[in-house]
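Me: I'd like a close look at one part of this model, namely its salt bridges. Take me through them pair by pair, please.

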Amino acid sequence: MRHILVLSLAFATLLFSGCKGNSRQAATGQKDTVVKMTREQIQAASFSDLFKQIDPKDIPEDVFTLVNKDFTVLTGGTPELYNSMIASWGGWGTLFDKPATWCFLRSNRYTLGLIRKEKGYTMSYFEEEYKEEIMPFGMQSGGDKMKHTRLTAVQTPAGNMTFKEAKLIIECELFEVTTVSPDDFETEEAREFVVAAHAETKDYHKIVFGEITNVWVRK
């Protein structure tokens with residue numbers, strides 16, 4: 001009987017607290033809503049104002065949505081010279097007991113050259129509203145396209161380049177760049193794909209592995 005009384009009192013306390021909170025919200029008109037920043041506010045904000053650091057294992061959303069649906073925007077270089085490209089093949093997991101990423105890239109990508117030079121890069125992901133801004137990264141080649149983007153470039157605390165408009169940023173330190181061979185693939189479709197790409201670039205696709213050093217999400 002005593003246990004029932006204690007539980008009843010506890011429930012009554014929670015119910016009263018909840019009603020009190022709801023009454024206060026009703027009286028003041030306050031709501032638990034998140035105010036979305038405008039593009040101008042995002043452009044004016046600092047990196048630390050926009051992003052918070054999380055553990056790689058806490059990356060929100062699944063890799064299939066982020067990489068294949070939202071697309072990966074790879075960015076390499078420095079504030080003086082940087083470039084971005086879209087990658088839709090890749091993922092992340094564990095390599096050498098460290099959190100790591102991998103991407104499947106054509107060998108002639110300008111961004112790949114900057115990644116190899118600087119030994120670091122970012123993988124950035126955006127909300128749907130920025131799709132028109134990121135799509136040119138996959139349709140144009142070379143560094144001139146960065147002059148025309150409406151996205152706001154920013155340097156991370158570690159010195160890598162990304163964009164203030166991103167919702168998720170994965171920073172990587174270059175692990176390895178390896179070259180594929182048609183003999184590596186067991187399906188005819190895959191062999192034909194890399195052979196066709198070789199005919200254009202005179203080199204085979206590269207698989208880029210990177211250690212995840214930092215993960216940032218929008219506050």
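Me: And to set the scene, what share of the contacts in the chain with a separation of 6 or more comes from residues 24 or more positions apart?

Reply: That share is 73%, where a contact means heavy atoms within 4.5 Å. Before the pairs, a word on the ground rules. This is a predicted model, so local features need pLDDT of at least 70 and side-chain atom pairs count only at pLDDT 80 or more, while totals for chains, interfaces and linings use all residues. Residues are numbered from 1 along each chain as its sequence is written, and side-chain values use heavy atoms, with hydrogens and water left out.

Now the backdrop. The chain has eight helices and 10 strands; these are DSSP runs numbered from the N terminus, with helices being H or I of at least four residues and strands E of at least two. Of its 219 residues, 39% are buried. Here buried is under 20% relative accessible area, exposed is over 50%, and partly exposed is in between, using a 1.4 Å probe and protein chains only.

On to the salt bridges, of which the structure holds 10. The term covers a side-chain nitrogen of Lys or Arg within 4 Å of a carboxyl oxygen of Asp or Glu.

Start with E129 and K36, whose side chains meet at 2.5 Å, N to O. This pair links distant parts of the chain, 93 residues apart: E129 sits in the loop between β6 (120-125) and α6 (131-134), and K36 in the loop between α1 (2-28) and α2 (39-44). E129 counts as partly exposed because its relative accessibility is 36%, and K36, at 61%, counts as exposed.

Next come D70 and K167, bridged at 3.1 Å, N to O. D70 is in the loop between α4 (63-69) and β2 (72-78) and K167 in the loop between β8 (161-163) and β9 (168-179), so this bridge ties together parts 97 residues apart in sequence. Both ends are covered: D70 is buried with a relative accessible area of 11%, and K167 is buried at 14%.

Then there's E211 with K98, where the closest N and O atoms are 3.8 Å apart. Here the link runs between strands, with E211 in β10 (residues 206-218) and K98 in β5 (residues 98-105), 113 residues apart. E211 is buried at 18% relative accessible area, whereas K98 is partly exposed at 35%.

One last item is a network: R39, E133 and R150 are joined by salt bridges that share partners.
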